[in-house]
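Here are my notes for you, as numbered points. Keep the structure open and look up each residue as you go.

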Amino acid sequence: MSEYYEDMQPADFVEEIDDLDDEDIEKLPEFLNTEQLTEIMEEADDDTRQRIGDHLPDDTLLEMFEDMSKDDIVDILGEMEIARRKRLLNRMKSGDRKIIHTLLQYPDDSAGGIMTTEYIALREDRTCAEALDTIRDIGPKTEVIETIYVTDEDRLKKLVGTVDLRDLLSSPRNTKLCDIMDDQVVSVEPEVDQEEVAQVVSKYDLQAIPVVSSKGSILGIITVDDIIDVINEEHDEDIAHLGGTSAEEGLDTTLWESARLRLPWLLVNLLTAFLASFTVKIFESTIAQVVALSATMTIVSGMGGNAGTQTMSVMVRELSNGDVDFKENWKSFVKEIFLGVVDGAATGLVTGIIVSLVYGNAFLGLIIFLAMIGNLMVSGIFGFLVPLILDKLHADPALASSIFVTTATDVLGFFIFLGLADLFLPFLT
């Protein structure tokens, strides 16, 4: 097993572990040393970490924690039963225990929850020679040495700048850090949501971003590997929400758990479906006189729903990349309305011609044509506004937008189509 591991990347070996049952995972410490187990835990996702951690003895875990970054330790402890977490914390060194206690207080999806305390921070009055000596001593214990964080010489820990390792190596030995540092520091506070942190890192092309207190003192840093995990996690969550499901659900989720996660949204969709049904009921007499309406009206609502989903997906993606303000993007809103006219006219023309030929009534084709334009305009309006409004209300646009947009295109699509049919009724019968 050990030789097999040495021939693989830890990330690839983790995929192999996913296929093992609990009995086999219990045997891993017999075949792999602590260093190898540590590498596996650092590469594994939360579920796999929890499975491995649950089957490792406390002594082995504590030995692994000595070589792991604090943010990874917090992730592992956060998934454990409270009793075991307390037992492990009580056996740790007092310094490590204090740091981990602090990190555990922050929400999992906040900057404080994903930061690590293993960074290099030096006072601004230190010389380059002194800085390099310090880096040689503590560099192996930190996650990032490419960026050195510079603190105020009067109040240690207050972040005042950063120094790139390249500048440090190329500067004269007696040069002070304050003379070569960049004082334009991009930072976040620990309460900031992880998605916003990812946006900041992406915007400024950072390898790591410092987390500071309200007074400007550095608390930790968030490295780019954690940011990549955040981006993947948020992407998975948005995709799941767009489909009305949860990111917690997977193929191995139990029947009852899947039902618990999906059923509430299906019930909400059921209520909105009744709204569409009541709209159709209003025009029962019209449909009774022209049976062809019942066979063609779903075309209009279906196309409106698809078009609304397209606009909504664009908006959700834009909102995930940053704030979207209506005042600054009103031209895009107008464009979506005109796009509805263009798309509606194109699809409505094709549908209208086919319906006219099938049912032998040109007026039915004209109604389809006009209704398609109207409903695709509705889809553009609601597909644009609904995610924007939900975001302003601090609700998740990806989670709830599809329900409101689909309801609007169904209800208004039926109303426009059947309302036009009622007006043209003498020409249809």
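1. Let's begin with Ala208. Leaving out residues up to four places away in sequence, Ala208 touches Val144, Tyr149, Ile221, Ile222 and Thr223, where contact means heavy atoms within 4.5 Å. You'll find Ala208 in strand S4. Helices (H or I, at least four residues) and strands (E, at least two) are DSSP runs, numbered from the N terminus. Ala208 has a relative accessibility of 10%, so it counts as buried; buried means under 20% relative accessible area, exposed over 50%, and partly exposed in between (1.4 Å probe, protein chains only). Asp152 is 56 residues from Ala208 along the chain, and their C-alpha atoms are separated by 20 Å.

2. Before going on, remember that this is a predicted model, where local features need pLDDT of at least 70, side-chain atom pairs count only at pLDDT 80 or more, and totals for chains, interfaces and linings use all residues. Residues are numbered from 1 along each chain as its sequence is written, and side-chain values use heavy atoms, with hydrogens and water left out.

3. Now Asp205. Where does Asp205 lie? Look in the loop between helix H15 (194-204) and strand S4 (208-212). Its phi is near 55 degrees, a positive value in a residue other than glycine. Asp205 is exposed because its relative accessibility is 66%.

4. Next, Glu124, in the loop between strand S1 (121-123) and helix H12 (128-138). Is Glu124 buried or exposed? Glu124 is buried, because its relative accessible area is 14%. Not counting residues up to four places away in sequence, Glu124 touches Val150, Thr151, Asp152, Glu153, Val160, Lys176, Leu177, Cys178 and Met181. The C-alpha atoms of Glu124 and Pro172 are separated by 15 Å, with their positions 48 residues apart along the chain.

5. Asp72 sits in helix H8 (residues 70-78). Its relative accessible area is 10%, so Asp72 is buried. Which residues is Asp72 in contact with, leaving aside its neighbours within four places in sequence? They are Glu42 and Arg49. With Arg49, the side chain of Asp72 makes a side-chain polar contact at 2.9 Å. A polar contact is a pair of N or O atoms within 3.5 Å; within protein, one must be able to donate a hydrogen and the other to accept it, and residues adjacent in sequence count only if both atoms are side-chain atoms. Leu412 is 340 residues away from Asp72 along the chain, and 51 Å separates their C-alpha atoms.

6. On to helix pairs. Helix H5 (residues 34-43) and H7 have axes that come within 9 Å and cross at roughly 75 degrees. Axes here are lines fitted to C-alpha atoms, for helices over the stretch in contact, and angles run from 0 to 180 degrees between N-to-C directions. That crossing angle is why H5 is roughly perpendicular to H7. Angles under 35 degrees count as roughly parallel, over 145 as roughly antiparallel, 65 to 115 as roughly perpendicular and the rest as oblique. On the H5 side, Thr34, Leu37, Thr38 and Met41 meet Thr60, Leu61, Glu63 and Met64 of H7. By class, this contact has 4 nonpolar, 3 polar and 1 charged residues. Ala, Val, Leu, Ile, Met, Phe, Trp, Tyr, Cys and Pro count as nonpolar, Asp, Glu, Lys and Arg as charged, and the others, Gly among them, as polar.

7. H7 (residues 58-65) also packs with helix H9 (residues 82-90), at an angle of about 60 degrees and with axes 11 Å apart. H7 and H9 are therefore oblique to each other. Asp58, Leu61, Leu62 and Phe65 in H7 meet Arg84, Arg87 and Leu88 in H9. The contact of H7 with H9 has 4 nonpolar, no polar and 3 charged residues.

8. Last pair: helix H20 (residues 330-359) packs with helix H21 (residues 362-392) at about 155 degrees, with axes 6 Å apart. H20 and H21 are therefore roughly antiparallel. The residues of their contact divide into 18 nonpolar, 10 polar and 2 charged. Leu349 is found in H20 and touches Gly344 and Phe369, not counting residues up to four places away in sequence. Leu349 is partly exposed, with a relative accessible area of 49%.
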